[in-house]
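Colleague: I'd like to go through the labels on this model with you. Can you show it and say what stands behind them?

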Amino acid sequence: MRAQEVVERTLAAARHLHGCAVLVRESSEAALRWANSTMTTNGHTTSRRTTVIAFVAVEGGTAAGVVSSSVAITDSAQVEQLVRAAEAAARDAGPAKDAAPLLGPDTDDPSWDEPAVETSIGVFGGFADGLAEVLAGPHRQYGFASHELSTVWLGTSTGIRRRWVQPTGSVELNAKTKDLNGSAWTGASTADFTDVDVLALAAEADRRLTWGNRRVTLPAGRYETLLPPSAVADLMVYLAWSMEGRPAQEGRSALAGPDGPRVGEKLTALPLTLASDPAAPGLEYEPFLTASRSGEGISVFDNGAPTRRAEWVSEGTIGDLVYSRAEAVEFGTRFTPAGENLLLTGGSADSISDLVARTERGLLLTCLWYIREVDPTTLLLTGLTRDGVYLVEGGEVVGEVDHNFRFNYSPLDVLRRATEVGATERTIPREWKDWFTRTAMPPARVPEFNMSSVSLGR
């Protein structure tokens, strides 16, 4: 069945319910992989997932049940089975604490009847030409490139019919010396690969391998640290994931103050704004909410609600928190859905190289990984540096540290203590890219960044 037919037949089979929402998501993905300077994989896959949300009137309120299936739907019997399963799940769950009136349509979607959009290996055309040149270079090259087009249709019993096509692309290059003792990483996110300069990415990795010709050993401690955009992205994404309003209201998060949420508290004198914006050029995401689960800050009752720009930090001050519609009513605040992109703006026009040139002594990182939360009340995180930590002295990189560090630091303290923030650029959070790809971040200078211990290996 066409996705639209699945939606309409499901809603028809659910007419006896209090309400129903149906999400059909079709994904088309192309991927390239290379190892030891040799292409190893290229392929294309497609998939579809159907989610049925049944809203059932029960004693004490309205219940919601969610059932998803990746099995191809070919007849009405399968549709009815999904509806029955979702209804049973709702009755088992009982009254929903996040219940809210289902939304009606606020606009007509002229693209509703259009089919899914597919990508292909052809999306890598120009990129692949450059990659061939990179693979013929002097270093061992490893990496992965992927491009996905995800088409979603949302239909509800209240008349909403919406469709959206989401492009997501990324590339990671890992260059190693012939003896495998040196390793450097670069990466990028993209919507269509027309803006990815793989030769420039490889040249940056080569430059970092050259820095590794001199090795130094440093102890754990607090260092002035230059965070490149990728590292800033990984830390800010975790902060954005921690902006739920309910934990802040109930005193369970770093955004909780003695008298309620810390909204309005000044973090920094720098005019930094951390925002999610569905209309951000090149980083666009769904202009309407699609939710297949309920939890803190998200509700299946909110399907079809317009998404909007949210400023989690506004001009250096804590701003929006994430609330579902039911939570917004409960706490007397504004409905604010979480975002699917993240931008940190308000810095200077300086690049990471400009920050290096003004550094008397400090560390330059490449990226972060294995990030985990240590203390939710301060948002203290721990993690490891990866693929290159470099010593900067007298305004230039003088060598590579011959090991990694474990760090302990809060993204809130990155904002509080950063003394310089440079120009915002599109980047990729290496740790979180499989879950959160669309970011634009600046480099940042953070004094006294806590490298809590040495991690052997490079």
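Colleague: What makes the link between the side chain of Thr-268 and the backbone nitrogen of Leu-270 a polar contact?

Modeller: A polar atom of the Thr-268 side chain lies 3.0 Å from that nitrogen. The term asks for a pair of N or O atoms within 3.5 Å; within protein, one must be able to donate a hydrogen and the other to accept it, and residues adjacent in sequence count only if both atoms are side-chain atoms. This is a predicted model, where local features need pLDDT of at least 70 and side-chain atom pairs count only at pLDDT 80 or more, while totals for chains, interfaces and linings use all residues. Residues are numbered from 1 along each chain as its sequence is written, and side-chain values use heavy atoms, with hydrogens and water left out.

Colleague: Why is Thr-268 called buried?

Modeller: Its relative accessible area is 6%, and buried means under 20% (exposed is over 50%, partly exposed in between; 1.4 Å probe, protein chains only). So Thr-268 counts as buried, though it sits in the loop between β10 (260–261) and β11 (273–276). Strands here are DSSP runs of E, at least two residues, and helices are runs of H or I, at least four, numbered from the N terminus.

Colleague: What does Thr-268 touch, leaving aside neighbours within four places in sequence?

Modeller: Gly-316 and Leu-415; contact means heavy atoms within 4.5 Å.

Colleague: How do you know that Asp-387 is buried?

Modeller: Asp-387 has 5% relative accessibility, so the buried label applies. The residue lies in strand β16 (residues 380–393).

Colleague: Which side chains make polar contacts with the Asp-387 side chain?

Modeller: Ser-183 is one, at 2.6 Å, and Arg-430 is another, also listed at 2.6 Å.

Colleague: Why is α3 said to be roughly parallel to α4?

Modeller: The axes of α3 (residues 125–135) and α4 (residues 198–211) cross at roughly 30 degrees and come within 8 Å. Axes are lines fitted to C-alpha atoms, for helices over the stretch in contact, with angles from 0 to 180 degrees between N-to-C directions. Under 35 degrees is roughly parallel, over 145 roughly antiparallel, 65 to 115 roughly perpendicular, and the rest oblique. Therefore α3 is roughly parallel to α4.

Colleague: Which residues meet there?

Modeller: Phe-127, Gly-130, Leu-131, Glu-133 and Val-134 in α3 meet Val-198, Leu-199 and Ala-202 in α4.
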